Amino acid sequence: MNAPHQLPRKLRVATTSLSGCFGCHMSLLDIDERLLELAHLVEFDRSPITDIKHCGPCDIGLVEGGVCNAENVHVLRELRANCKVLVALGACAVNGGLPAQRNNVDVNKCLTQVYRNADGVVQVPNDPELPLLLDKVYPINEIVRVDYFLPGCPPSGDTIWKFLTDLLTGRTPRIEHPLLKFD
Amino acid sequence: MFALETAAHPENLRRIAIDPVTRVEGHGKVTLLLDENNKVHQVRLHIVEFRGFETFIEGRPYWEVPVTVQRLCGICPVSHQLAAVKAMDQIAGYGPLTPTAEKLRRLMHYGQMVQSHAVHFFHLASPDILLGFDSDFTRRNIVGVALDHPEIAKQGVLLRKYGQEVIRHVAGKRVHGTGAIPGGMNKALSLAERDEMAKDIEQMIAWSLGAVHMVKQLHETNPGFYNVFGEFRSNMMGLVRPDGALDFYHGALRAVDADGGTIFDQIDYATYQQVLEEEIKPWSYMKFPHIKSLGAENGWYKVGPLGRVQAASFLSTPLAEAERQAMMALGGGKPVHGTLMYHWARLIEVVHAAEMIRDLLNDPEILGMDLMADKGPRRHEAVGVIEAPRGTLFHHYRVDDDDLVTYCNLIVSTTNNNQAMNEAVRTVARQYLDGRVITEGLLNHIECAIRAYDPCLSCATHALGKMPMTVELVDPAGQVISSLSKG
């Protein structure tokens with residue numbers, strides 16, 4: 001007798017925004033009505049749009065943003081450890097993006113400039129609850145292994161949809177013009 | 001010193017962290033310190049990220065700034081682009097905008113109001129309201145809403161889509177487009193684009209009005225809860241026209257006290273540094289602004305939907321104004337201060353923005369081709385201010401003779417709400433957590449208070465920094481043998 005037919009389990013997707021602007025997550029939502037279609041194909045794990053605070057075993061991890069502080073490193077490693085496929089989503093994750101312009105700046109001078117009060121007294125926030133900043137903003141592939149890089153600031157909703165549906169249906173993701181853009 | 005900000009004796013207290021705060025934009029965490037009886041002694045909302053825009057903008061050409069600084073935020077890029085370009089209009093020496101250029105800027109700004117408020121209410125906050133503050137946390141998200149309330153989720157997704165499409169038609173891209181340039185706009189609107197937007201606008205007005213009515217009905221089911229959850233009194237601030245109407249794109253500053261009495265009115269926003277100042281606290285990268293004349297203790301205020309619709313005298317469109325009156329009737333002539341009222345006010349603003357979009361699309365000037373203002377003398381310093389979806393947004397620049405930025409100061413909307421959000425989480429901690437066994441659902445009450453403000457923590461982390469670090473090698477007698485400092 002045949003085993004009872006079982007529906008394939010839904011793939012689990014985790015997403016996170018490190019040192020990004022949330023624009024890539026907005027682009028993910030720019031798949032519009034297809035978001036409801038996507039919800040039939042996948043379950044969301046840790047993500048800024050769910051209340052799951054830590055990642056469980058997942059099939060796909062989407063990472064927006066570069067790495068600018070110690071907390072970003074922990075979150076990124078948590079995703080890498082739990083996701084079979086890790087994707088650098090957008091310019092900041094791919095190469096640091098605009099926030100990496102801080103890599104040219106003398107941070108010490110800047111700190112005293114930003115956190116000077118009206119009387120000229122410097123008070124840099126230093127509570128242990130604040131994660132340590134890294135010396136530079138790093139692309140995520142300098143911290144963990146990355147399986148796919150999706151460029152764009154941000155990649156469009158259509159680009160993300162094409163990429164995800166390729167991946168979810170077992171095709172090798174192929175992004176070509178006009179979906180492949182770097183701005 | 002604010003109650004519950006700093007515990008007198010933190011050493012013996014238990015720490016609970018909500019980390020990360022979810023269904024908000026950007027990075028934040030809440031820490032609570034409780035004693036053995038679960039009495040709350042300290043509650044803080046920390047902004048933990050730090051990015052550096054104000055500093056690395058220095059040395060860049062001024063015309064690059066509007067498209068650079070909009071990368072502060074992917075939810076409200078249009079507000080940063082417009083606040084920056086309003087300053088750069090003056091720096092580059094342009095006179096008043098052409099009517100078409102101002103209308104196109106307003107069109108994309110109202111489009112942004114619709115999409116940003118929709119994504120916040122439907123995608124991020126509605127799971128709490130529609131599914132329950134302490135419902136199953138694995139389902140408490142937009143997918144859960146889509147399963148239980150498919151029609152509401154669909155309308156939310158399509159309202160957001162409409163706002164994003166308005167932005168795309170004007171600025172070329174949904175997120176981080178161009179559009180506004182110093183002196184005007186870089187592209188006219190085509191007839192086809194106008195008609196594309198016009199065909200759906202009545203539906204959008206109807207849906208946004210439906211969302212206001214849904215919140216109103218939810219309020220009627222449990223007014224005691226909605227009025228009192230996270231309620232605290234505070235001053236409020238927003239931009240108004242000379243006649244007192246709220247204006248999202250341009251106006252003068254008005255601040256009112258908790259009873260609606262005027263603190264200041266019709267203040268030229270270029271002089272913001274004379275009426276506002278910022279305080280630094282060691283436990284957050286986000287500064288704490290307040291009204292200078294009232295001081296840090298009493299001068300803090302609310303911005304964003306609930307603050308500005310009540311600071312203003314009226315809204316200029318009829319459907320939205322009627323809804324504003326209905327909401328304010330609850331206060332019996334005085335402003336309302338319940339934290340969850342933010343959602344109601346926010347949806348009223350969606351109606352207002354949608355009505356404004358309809359009026360603009362019906363205006364023949366929106367299709368004009370005269371996009372650039374006349375050029376006059378250059379200036380070295382200018383301030384651009386706008387009502388972003390989350391509240392009043394200040395951009396202040398100085399530019400040298402070589403066109404390069406020498407100074408940049410940003411006070412973003414969420415920073416203006418810093419003290420108010422901390423006050424909201426402390427009020428909720430007192431109301432719901434004190435002395436009780438802490439559960440996930442109770443902690444979500446804290447997050448619900450933060451979410452009501454729709455904080456944009458990415459925006460709030462623009463200042464660059466690095467933690468100074470000192471390592472000391474100390475011998476058993478406490479003598480420092482060697483010391484190494486960094487940062």
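Two strands are said to pair if DSSP finds at least two bridges between them, and strands themselves are DSSP runs of E with at least two residues, just as helices are runs of H or I with at least four residues, both numbered from the N terminus. The model described here is predicted, so that local features need pLDDT of at least 70 and side-chain atom pairs count only at pLDDT 80 or more, while totals for chains, interfaces and linings use all residues. Residues are numbered from 1 along each chain as its sequence is written, and chains are lettered from A and ligands numbered from 1 in the order in which they are written.

In chain B, strand S6 (residues 235-240) and strand S7 (residues 252-256) run antiparallel and are joined by five bridges; Val240(B), for one, has Ala252(B) in S7(B) as its bridge partner. Both strands belong to an open sheet of four strands in chain B, ordered S8-S7-S6-S11 with mixed pairing. At its edges lie strand S8 (262-267) and strand S11 (301-302) of chain B, each of which pairs on one side only.

Turning to the helices of chain B, helix H7 (residues 191-221) packs against H13(B) at an angle of about 160°, their axes 9 Å apart, where axes are lines fitted to C-alpha atoms, for helices over the stretch in contact, and angles run from 0 to 180 degrees between N-to-C directions. H7(B) and H13(B) are therefore roughly antiparallel to each other, a term for angles over 145 degrees. Among the residues that meet, taken to be in contact if their C-beta atoms, placed from the backbone, lie within 7 Å, are Ile201(B) and Met204(B) in H7(B) and Leu347(B) and Val351(B) in H13(B). By class, this contact divides into 17 nonpolar, three polar and three charged residues, with Ala, Val, Leu, Ile, Met, Phe, Trp, Tyr, Cys and Pro counted as nonpolar, Asp, Glu, Lys and Arg as charged, and the others, Gly among them, as polar.

Helix H13 (residues 341-361) of chain B also packs with helix H4 (residues 99-131) of chain B, at an angle of about 150° and with the axes 9 Å apart. The residues making this contact include Leu107(B) and Tyr110(B) of H4(B) and Leu347(B) and Ala353(B) of H13(B), and its classes are 14 nonpolar, four polar and four charged.

Between the chains, the contact takes 52 residues from chain A and 54 residues from chain B. Helix H1 (23-29), helix H2 (34-41), strand S4 (67-69) and helix H5 (107-114) of chain A each supply at least two residues of the side that touches chain B, and that side of chain A has 30 nonpolar, 13 polar and nine charged residues.

Terms used:
Two residues are in contact if their C-beta atoms, placed from the backbone, lie within 7 Å. Angles under 35 degrees count as roughly parallel, over 145 as roughly antiparallel, 65 to 115 as roughly perpendicular and the rest as oblique.
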